[in-house]
Each structure stands twice: as C-alpha cells, then as structure tokens.
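Student: I would like a close look at a single part of this model, with the reasoning kept tied to what can be seen.

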Amino acid sequence: MASITQPEPAEIELPRSRGHWRNVWAKFRKRRLAFASLIIITFIYLLGIFAPVIQTHDYQATDLMRTQQGPSAENWFGTDRAGRDIYTRVVWGIQTTVIITITTFVTGSLFLGVTVGLVAGYFRGWIDAIIMRVGEVVSAFPDILLIILLAATLRPRIVEFARNVEDSTGISGLVSSGIVDYVVIGIALLPLSWFGMMRLVRGQVLALREAEYVEAARAMGTTTPRILFRHILPNVVSPIIVSVSFGIGAIALSEVVLSFFGLGVQPPRPSLGVMIGEVTARGGASVSVLRDHPEQLLAPIIVVWLLIFCWNIVGDALNDVLNPRAR
Amino acid sequence: MLAYILRRLLWTPVLLALAAFFVFLMGTIAPGDPAELRLGNRATPERIERERERLGLDDPIPVRYVRYVAGVLRGDFGESYQYLGKPVLSIIGPRLWVSVQLNIAALLVAVAIGLPLGFYAAKRQGTGRDPAIVITILILYAMPVFFTAPFLILFFAVKLSWVPAAGWGGFFSPQIILPALTIGIPGAAIFVRHMRASTLEVIGQEYIRTAHAKGMSNFVVNYRHVARNALLPILTIMGFTLAGMFGGSLIVELIYGIPGAGRLSLDAIFQRDFPVLTAFVLLGAGMLVLANLAIDVAYTIVDPRIRLQ
Amino acid sequence: MIFGMALSLVLIAAVACTGSSESPTEAAAPATSTPPAARATQPAIAPDLQGKNDSAAAVGDSGPKRGGVFNTLWSDPPTIDPHLVTDGTSYGIVIEVFSGLVRLGSNPANPFEPDLAESWSVLEGGTVYEFKLRNDLVFSNGDPVTAQDFKWSFERAANPDTASTVAEEFLGDIVGIKDIVEGNATTAEGIEVVDERTLRLTIDAPKAYFIAKLTYPTAFVLNRNNVETLGRNWTDDPVSTGPFTLKEYRIGQRIRLARNDNFWDRNAYLDEVVFNLAGGVAMAMYENDEIDITGVGLADLERVQDPTEELNKDLVEVPPNFAVSYVGFNINEPPFDDAAFRQALNHAVDKQLIADQVFSNLVKPAYGIIPPGFPGFSSEIKGLEFDPDLARDLLNQSAYADPDSRPRIVLTVPGTGGSPGLTTEVVADMWRQNLGIEIEIQQVEWATYIQDLHRGRLQAWSGLSWQADYPDPQTFIDVLFRSTSAINYGGYSNPRVDEYVVSAQTEQDATQRVQFYNDAEQIIVSEAAWLPLWWGVDSKALVKPWVQDYRFSSLTIAKFKDVWLDK
C-alpha cells in the first residue's frame, strides 16, 4: 500500500520524471510529521499483511473460561465477551481493511475513475456529457445511504451467484474466504471512490490536451491511446496521488460503517467495523463498554482513527510538495 | 449566465428522474418484499398476493415508474409501505426538519470553533502554535463518531449531568448540544483549514501591507480587511457542507436517538419502503443540485472574473 | 403464537438494538418491522409475575398520588390498529389504549380476567360463550359500548379490506368468521347480539384455548363511528376503551398516552405516559433521569450488580418472559435430514457454559421447548444435554460422518436489526472444536431473512426466538411443529406429533391435554428438530425509586393504569 505514496519513478517516462520524483521524495522526507505518519501507516498495514504470522491466537477461537479479560501478557489487548483475543482480531481486522482499500482503489478510483476521466476529458463532446451526467446522478445520492442501499440490495444476489459458481465448478470456499464480501463492499463503495477521481482526471486532461507537446504528438500521428497513456497520464499522476491519499482514510471508515450495520464483512472473519458493531451492540451499549471495558472499543477505533489522521497528514504534505502552487 | 442557469435548471428534473429510476431498479433487484415485510410472517401467500396488488407492486417496473413520476408531478409522492396510509411527505417532512436543525446547529459549532481558530493559526504562522492547532484539529477531525458520541455522553451526560444523554427537543433544547458537538467538532477542522489558508492568502496581498503602512491599527486591519476578505471563500464551503450533511448524520442520529431523516432513510432501506426512500433521494438530490448551482452563481458574484458557461 | 409476531420478539428485538442490552437477546430477531437502526430500545421489561412490591412505607404514607408523566423508551409500532397487531411493539402500546371482553391478568393459575365483559358462561358443551358486558360502559369520547359494537368490531377485523393477518387465527373459531375472511360474507352468524349488554359467540368445536385468543387485540372493540368517519387514518385520533387514550403519535418521535377519564375501572394515576420512539443509549438516559425504566443489558450487568453502585438500589429482578430462542434446522435439506446429525449438533453445545460466561446468566439454557412456569411446562422432558463424546458418536453414526461428503452448511442470522450473533459465533465455534464441523455464518438483512425463511430457503438459521401469544402450550407445540403449520419453517414432520396436537385441540380434560403436548414435545426434542438455546431473556431491569406499583409480568398486560409516581 505504501507504494502508492512513494511513486515509482521507473514506471513513468517523462523528461522530467526521474529527477522530479526524487526531488518530491526528498521534500516529503523533510516534513517530519508527514514522514512519521507514513511510517505509522506502513506499520499498521504491515501488521495486517502479516496477521497470520504475528497473531497470538486463532481469531475465531472462543475461550469461554477467559471472557472479558483486561489486557495481559497472554492477551495483549484483552479478550472479548466470547473470550477471543482482541489483539489477534484487530490485526486480522486490519488485513480486511488493507484488502478492501486495495480492491476499492484498484477497481474504483484508479481503474475506473482514471480511465473514464481520461476518456471523458480527451474526447469531450457527447461521451463527456453522458459520463458527467451519470456521475452527477450518482453523486446526487447522499453517500452513506447509497453505500448502504447498494450493499443491502446487491449482497444477497452476489452471494447467491458465488454459491452457484461454487456448486457448479467445485471450487469451495469462495464465500467463506470472504472474497464475496470484498466484492460487495468494493461495489458499494464504487460511487464514493469513482466520481471524484474521474472529475479530477477529466479536468486535468481538459487542460493538458491543448498543451503544445500533446498537439505535437497528435500532429506526428501518435495513436490516441498512446497519447492518453504515454503523454497525458504521467502528468496527471500528481493530483491522483494526492486525491488517493486523502480518500484512503474515508474508505477505511466506510468499511467500518457498513460492517457496523451488518452489511460488510461476515463473521467469523473479523474486521474493525464488525468488532465495533459487535461490542457496542450497534451503538446502544457503546457508553457502557467505553466505561467498563474500554479496551474492547478502543482497540479497533484507535486503528481507524490513526489511519484517517495519518492519511490526512500525508495527503496534506503531498499536496504541498506535488502542487506547489496550490494552497 | 442566465442561459447557463436555465440549462442547469432544466437538467435538474432529468437528473432527478434518473435518480428515481435508479432507486426503482434497486427495488427490483433487492430481495425482500414490502408486502411480505408489512404483513409479517403469519401471512398466507394469498394475503401477500392481495397486499402486493393493493400496493401496486404487481405491475411491471416501467408502469410503476411512470405512475410514480406522474404522481410526483402532481405533488403526490405516494404512500409509505411501512406506515400504511401515511402520505410520504407527511412522514419525511418533520424528520427532515429535525435533521436540518441538527445540521445547522452543527454548522454553527463548526464555524464558531473553526473560523477564529483558523484565523488565529494563520496569524501565528511560523510559531509553534500554528502547527499545534492544525494537528489538534486534524486529530479531532479523524476521530470516529463511534468514539466521540459515547465519550461525550459518558462525560457530559452521565458523569457531569450537564446535558441530556439523548433525545430530541428542538433547536433550542439542551438535547441538541451533544449531537451538534459530535458533528460540529470534526466539521470545524474543515473551517480551520480553509480559514487558515485564505487568511494567509489575504495577508500576503498588497492592500493589507498598504493598510499597515498607512498606520491603521492592527485591530482594524485584522478585522476589517483580513478577516472579512478571508471569509468570502468560506461562504461557499458552508454551502457545500450543508448540502453534504444530508444523510451524513446517520450514526449520530442513531446513537443519540434523534428522529431525523438519516434514521428514516435507513429504516426505509431496510424495510424496503421504496416510496419513502425515493422521495428522500429526490429531495436530497434536488437540494444538492440547487446548492451547487447557488454556489456557482455565488462565485460569479463574489468574483466577477469567473464566467459561467 | 407469538405475541410478538411471529418471529419477532419484541422485547428482544428491541433490546437488541439499542441500549439496553446487547445481550442474549441478540438472539432474537428484530420485530418485523424493525429495521435495525430504528429499533429503539424498548426496555425489555416484560416479565414477572409477582410484581415489584416496593416501598410499602411510601404507600402507607400517602397512598397513590395522581399526576405525573412516565417516560420510557419504545420503538416505532408498525401499527396501532388493534385488529392489525401482530407484533409485541404494537401490542405493548395497543393494550394500554384499547381493550376487549377479557384480558390477561397477572395470576398464572387463572390468567383470564373479565375486562369489558363482567362475566361469561360457557354453554352447549363448550361451543357457546355468552358474555355479559359491564353496566354503563362508554368509549373515551362518551359513546356507549354495546354488544353491537363487538359484533361490528369482530366482523371488521375479519373483513379482507381490513387486511388483518391474524383475524383468522384469533377469531376464526367463531362460526362464520372464515367466510368473512375469505370474502364470501360480511356478517358472521356465530356472533349474536342478544341484547345491548349480552353477546353470544358460537365456535365450531369445543376449544379450551378459545378464551385465551379473545385476549389478543384482534378481538378488541372499536368505535364504529370513529373508524368509519376517519377511514384509513382513524388511528390518528382513535376513540378507545382502555385506561389511556392516544394523545399524540409522531412517527419515529414519540407516542403520548393520556389518562382516559371514561375508563370503566378506577382511572389511571398517571397524567401521561410518553414512549420515546427515537431511541438513544438507554442506560445513559436512565442514569440521567430521562427515562424512568430500562432493561439492563449485558454490558451494564456487572456494574449494576455491584452493591456499591448507586444504580444497584434500582435493580429489579424480572422473571423471564415466556420465550424460547433456538437454532432452526431445515429438515428437508442435507445434512439436517439426518436426526443423528442434528442430535450430534445438540449434544456438542455447552449451553450452561455459554450462559455463565458469555451472558452472565441473563439467559437460561433451554433443553425443551415450553418455558418453565408456562402452562404445560414439564420438568420430565429429557433434553439433549452437553456430551461431546456422545455427540462425536452420533456424528459418526450419521450419514454425514465423512467431512468430504458433508454438504456445505450455511447458518443464516439476521444481520441488521439485532446485534450480530455472538451466540451464533460461539455455538459455531463449539461445533468446530467438539465435532470438527466447519460452518459458514451468513448475516442477511431482516427483509431478506424473513423472505428466505418463509420460502424455506434457509438451511439453518438462528437469531429468532418465539414468544408466547397466550398462556396455552398450543402456542408453542402446535403452531411451531405441526407438519401443516404455516410457520413450521424447518418443515419438521412427524405423524405422531401431528396426532398428539390434533387430539389436544379438542381434548376437554386439562391434564390429558397437557399430556398430549408433553408427549409431542418429547418427540420433538429427542429428534432434535431444533437446537433450543435459551428460555426467557433479560431478567434484570432498573426502575426509578419514585415509580410505584410498576408490575412486571411474563405476558404483556396493560400495566400503566396502576403505576404512580412518588415525587
């Protein structure tokens, strides 16, 4: 994940590219807070990625003789009402967040948003008009509502489909592995992640397509895809990076909200949202839990909190470094 | 510009019609049957069939959609499936009003905290206080509501008994305080950020330096020139914030037991109360579109160099 | 059936969502109409038979005081038309406002009390019931209540236009009602108005439980003029006969009941009862004096049980309500078509341990179907106790001993509305640890859940509990397990069980009748039609010290008429 914020110069072929990115990186490193945030983010994500290795227990193993324990050497963050180890569940929950963040960004923001934005901006005309209008319709819905509506209505259909696939192909574990959950959440979060990115890219492209070097390329008979991906895209990378870094925190939070309502990740697989929803009985017991067993509520919440905070700091810094003219 | 506004206004109904159609589509994809939900699990299949007929659920989607649109054009948003016999508007209206009041209160909190703090931070740029303020406010901004809400309740309602823990008593009741803080404090971050940025920009302008040079007092320069000019762009942000709050206070309404629109729309999704949901989407989308348009127009008034086309 | 509609357990439901408890009750489903979010906490104060005899001193001093407002949390009732009520949330409001011939009382030995009828007699070998109405009965607006009103009300409840889903169930025994329900008639010859004050009901066969059914709101009396003038919106301003009248109902916000000064009995003491429908964190609201009563959820249990806590003084024991929660199996789908497999699952779950450790003994492990204290409960029923070795043996004997040939098992829980199923997760883990059986847990929204349940599409399900509608074992055994019952969702079918419950329907000898039900129950339990989990829920509540004569009961009865505030 962290690589999104550490642009790989090798992938970009632009006259100024290599030196430019090295320069950006150097400036970014000078911002101590942002750099520290990036390290924290990397650390958190590494915890999630290596969850199977660093877990101290089995995330679904209940131990009814050790329920509601406070933090101890055995259970670093204590145990929940079913005697499950909270530390283990948190790191697995982070893994869920990592997977969802990646799938959502890869499918939604990066793939769909960037491509559609490029197309709309470059071709303009009716293609652009249609895309923009569709986008407006989608973005006219209140965010959270649309996400919940999509998750609620699509999930059973997708699960049904996956089970049919399992039955007909003999592949097992498609549903139980959680892949289906990720697909559902990814689709539900699409509208959130897609339109903003598209609009951003489109705006940049609209400006760039008139640039001299693009006109020159066109005059030389360069094919359209080549112009789009070789000449225009690399110059849109900076704003994309900034936008992605601001958006990732929101994605983590959206997963929490969906799982809180039981529409996200399915038990026994832990996720930060599932843990928060479970321990607070969907909000109602949150005050009591905070008072009597704060570690159960705080463990997942602090992770979400840190992620959102750090991504904002990083986004801010990148914004300054990459778009010196912007405020 | 008039032509532009006209074009945008003409597009709005089309957008709304598409949004409504989208909800209809979701309604057919979604499992769960409003008639069945309403009647509960003791209903016989014939009963459910009769109920479906009564609710008009048996007709094909295009027919229902056209019927719905025709109704809306006459100002009739239909009747709720869940609360049978209640016109949708009579259900949504009061709930929406609650949410609007709550969000205005939250906006006031955000503005009251955010603007002075942002201004102060900008004036103290270069000292340790500026980053301290920015970081603090970002920490508050990132704070998940799942923590803020129970924390505020525990501290201010249960421990100190200063304010009620939950419920709704209108804009001027003490019950609004905690939820308004819960939404408003993270919201303040946005205002700090923008106020700080726009103040910094204004401070750098020639006329401020001129004012100082003329020997105007610091106070006058600060308040007459800097603050006032820095506020202009903030206005538009307020507009966005208000429009965007629609439905955003869902979890806050849930935990504080506030009978607002967020709760209602969530119920409508889970109860498959599509008339209520559709009306809600239409109103929300309409407000958002109009808010955007108003902002665009406001831009041209604030800054005549901007032309709408 | 249930008092809370079928699946819906009100209390539970309610509780599950917000404040008062996360609890065991999570097991229960949300009321049908209840979206998750929405469900507020209705303090689950159902139960208790003996009531809370508090502070004799205070009573001695001054006697009940008139006036005051009682505040409580509730959830939005799906309806307040008595004839449409099928769920406990609506029921709890409706019985405070409306009333009928007979009502449930708090004496479990003889739970039926005369209400608007001062007396009744059973004639013709049990097929004719003659009710004598009280003198000078009036509606809240002063209109007289006559036998004619009852006839009209019953017929209105059955009329297809009313769209009651339970009219046939509760009134269908009366001769002629079925014809109305089917749309072939508008009046029932089985309802005879003898004179202004005498009503005679003829039923199709002698049925011991008929009087019980008349306590359900479907049999409540409405004011014809009121209903016909206001049409579908008559519940906005209903005329009623109960201890309170509906003063204000704002959907999603609150319901205010005001004292009915035309009530036939002693008028209520309270000026108003306010049901807050918007929810909130119940415990915090209680501590902050915003509500006068709340159920205690798991999260707060430890604290309120601590004698040094101030709240501890308000703690009231609430005997469990008459409900049973369970894991249901679809008997027609492998692997649940094999009784040995189902028995293995039953024996593999240590319910006592879960109750102790996870639910702080707020729930009572169920080894049968009919809850203790309920008419027809028998301690003789032999349940499938925890025995992992036996469970493994049974699994090996079953047709699904080999994990490779075992079909995928999906256990569905309603994921929105209640809390996610902690019970389910613990039970699933016990199956995993004791039997090596891996299952998938699937949370679905309530809307999807109920649809799939009705269609018999769920392989196994959890998150439901069944609460008694009226004190008769029929409400459990017959309704849930007769092979032709519409809500026998698991498709359980055993000819002997069918035979027993059919015989019990008309059996006049009470002991023999209970015996039939117990025999049927033993078969059901032994064959492991379900995995019964808990009896009753939420057995603790907090009541503010100034609340007097608030009586809990295991069946929901009108209780605010006796409540008074000493402050």
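Student: Among contacts in chain C between residues at least 6 apart in sequence, what percentage join residues at least 24 apart? After that, please take me closely through the helices of chain A.

Tutor: The model is a predicted one, and in chain C the share you ask about is 73% of the contacts between residues at least 6 apart in sequence. Chain C contains 18 helices and 21 strands, and of its 567 residues 62% are buried.

Turning to chain A, helix 6 (residues 143-169) and helix 7 (residues 179-208) pack with their axes 8 Å apart and at an angle of about 150°, and the crossing of helix 6 of chain A with helix 7 of chain A is right-handed. On the side of helix 6 of chain A, the residues that meet helix 7 include A:Leu146, A:Leu150, A:Leu154 and A:Ile158, while those contributed by helix 7 of chain A include A:Val180, A:Val184, A:Ala188 and A:Pro191. The residues of this contact divide into 17 nonpolar and 2 charged, with no polar ones.

Helix 9 of chain A (residues 224-260) has 37 residues, yet its end C-alpha atoms are only 45 Å apart, short of the 54 Å that a straight helix would reach at 1.5 Å a residue. Helix 9 of chain A also bends, by about 55° at A:Leu233, with the proline A:Pro234 following within four residues. After helix 9 of chain A comes A:Gly262, whose phi is positive, near 80°.

Note on methods. Residues are numbered from 1 along each chain as its sequence is written. Chains are lettered from A and ligands numbered from 1 in the order in which they are written. This is a predicted model: local features need pLDDT of at least 70, side-chain atom pairs count only at pLDDT 80 or more; totals for chains, interfaces and linings use all residues. Axes are lines fitted to C-alpha atoms, for helices over the stretch in contact, and angles run from 0 to 180 degrees between N-to-C directions. Helices (H or I, at least four residues) and strands (E, at least two) are DSSP runs, numbered from the N terminus. A crossing is left-handed if the near helix is turned anticlockwise from the far one by less than a right angle, and right-handed if clockwise. Two residues are in contact if their C-beta atoms, placed from the backbone, lie within 7 Å. Ala, Val, Leu, Ile, Met, Phe, Trp, Tyr, Cys and Pro count as nonpolar, Asp, Glu, Lys and Arg as charged, and the others, Gly among them, as polar. A residue is buried if 20 or more other C-beta atoms lie within 10 Å of its own, exposed if 12 or fewer, and partly exposed in between; C-beta atoms are placed from the backbone. The expected span of a helix is 1.5 Å times one less than its number of residues. The bend at a residue is the angle between axes fitted to the seven residues ending there and the seven starting there.
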